Amino acid sequence: MDKFELVKEAKKARELAYVPYSKFKVGAALLCQDGSVYYGANIENASYPLCMCAERNALYHALMSGKHMEDFVALAVVGDTKEPISPCGACRQVISEIFPRNGHIYLANLNDDILDTTIDDLLPYAFDDSDL
């Protein structure tokens, strides 16, 4: 599956977002080596700290289905933004721990502007187990 197809899958996931407050839908699609795709969408709550981002939902969905970091190939994230969407700090931290360093991260918008990046580019000085 190429980056355009994976972004298309993220757009499908985006339609499942629960965003009664912000109205800002985000979708994510995580591609695994076996060709399976795990989806995530942002889920809001009136108590904002309890919200969950699409990226983390996709990654956690895969982990809870028995997948491991070694299975992950690419992650696409899409939102209705002028430029390709950018993950929040919490998502960057989670991605840095459970997504492969060489995995592709496709950040996109609804116009199919796509930035192909890696977690090292997004979070070059990540907090990790060596900091504990």
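**Note on a predicted model: a buried glutamate and the strands E1 to E5**

1. Glu44 is buried yet forms no salt bridge. Lys23 carries the nearest side chain of opposite charge, and that side chain is 7.0 Å away. A salt bridge would need a side-chain nitrogen of Lys or Arg within 4 Å of a carboxyl oxygen. Please keep in mind that this is a predicted model.

2. What does the side chain of Glu44 reach instead? One partner is the backbone nitrogen of Tyr21, at 2.9 Å. Another is the side chain of Ser22, joined to that of Glu44 by a polar contact of 2.2 Å.

3. Where does Glu44 sit in the chain? Glu44 belongs to the loop between strand E2 (37-41) and helix H2 (54-64). Setting aside neighbours within four places in sequence, its contacts are Tyr18, Val19, Pro20, Tyr21, Ser22, Lys23 and Cys51. Tyr21 and Ser22 thus appear in this list, and Lys23 does too.

4. Helix H2 comes after that loop. Its buried residues are Ala54, Glu55, Arg56, Ala58, Leu59 and Ala62. An α-helix has 3.6 residues a turn, so residues three or four places apart point the same way. The buried residues of H2 pack against strand E1 (26-32), E2, strand E3 (72-79) and helix H3 (89-98). Gly66 follows H2 and has a positive phi, near 95 degrees.

5. Which parts of E3 are covered? Seven of the eight residues of E3 are buried, so the rest of the structure largely encloses this strand. E3 pairs with E1 in the antiparallel sense, over seven bridges. E3 also runs parallel to E4, with six bridges joining the two.

6. Individual residue pairs help to locate these strands. Ala76 of E3 stands opposite Ala29. In E4, the bridge partner of Ala76 is Tyr106. Tyr106 in turn stands opposite Asp116 in E5. Elsewhere, Val78 faces Ala108 of E4 as its opposite residue.

7. E3, H3 and E4 together make a β-α-β unit, and this unit is right-handed. H3 is also one of the elements against which the buried residues of H2 pack.

8. Strand E4 (residues 104-109) is mostly covered, with five of its six residues buried. E4 pairs with strand E5 (residues 114-117) in the antiparallel sense, over four bridges. The hairpin of E4 and E5 has four residues between the strands. Asp112 in this hairpin takes a positive phi, near 65 degrees.

9. Is Asn109 buried or exposed? Asn109 has a relative accessible area of 0%, so it counts as buried. Asn109 lies in strand E4. Its side chain makes a polar contact of 2.9 Å with the side chain of Asp113.

10. What does Asn109 touch, not counting residues up to four places away in sequence? The list is Lys11, Val78, Gly79, Thr81, Lys82, Glu83 and Pro84. Val78 also appears above, as the residue opposite Ala108 in E4.

Terms used: Residues numbered from 1 in each chain as written. Predicted model: local features only at pLDDT ≥ 70, side-chain atom pairs only at ≥ 80, totals over all residues. Heavy atoms only, no water. Buried < 20%, exposed > 50% of the residue type's maximum accessible area, 1.4 Å probe, protein only. Lys, Arg positive; Asp, Glu negative; His and termini not counted. Polar contact = N/O pair within 3.5 Å; in protein donor to acceptor, adjacent residues only side chain to side chain. Contact = heavy atoms within 4.5 Å. Pairing = 2+ DSSP bridges. Right-handed = clockwise from strand over helix to strand, strands pointing away.
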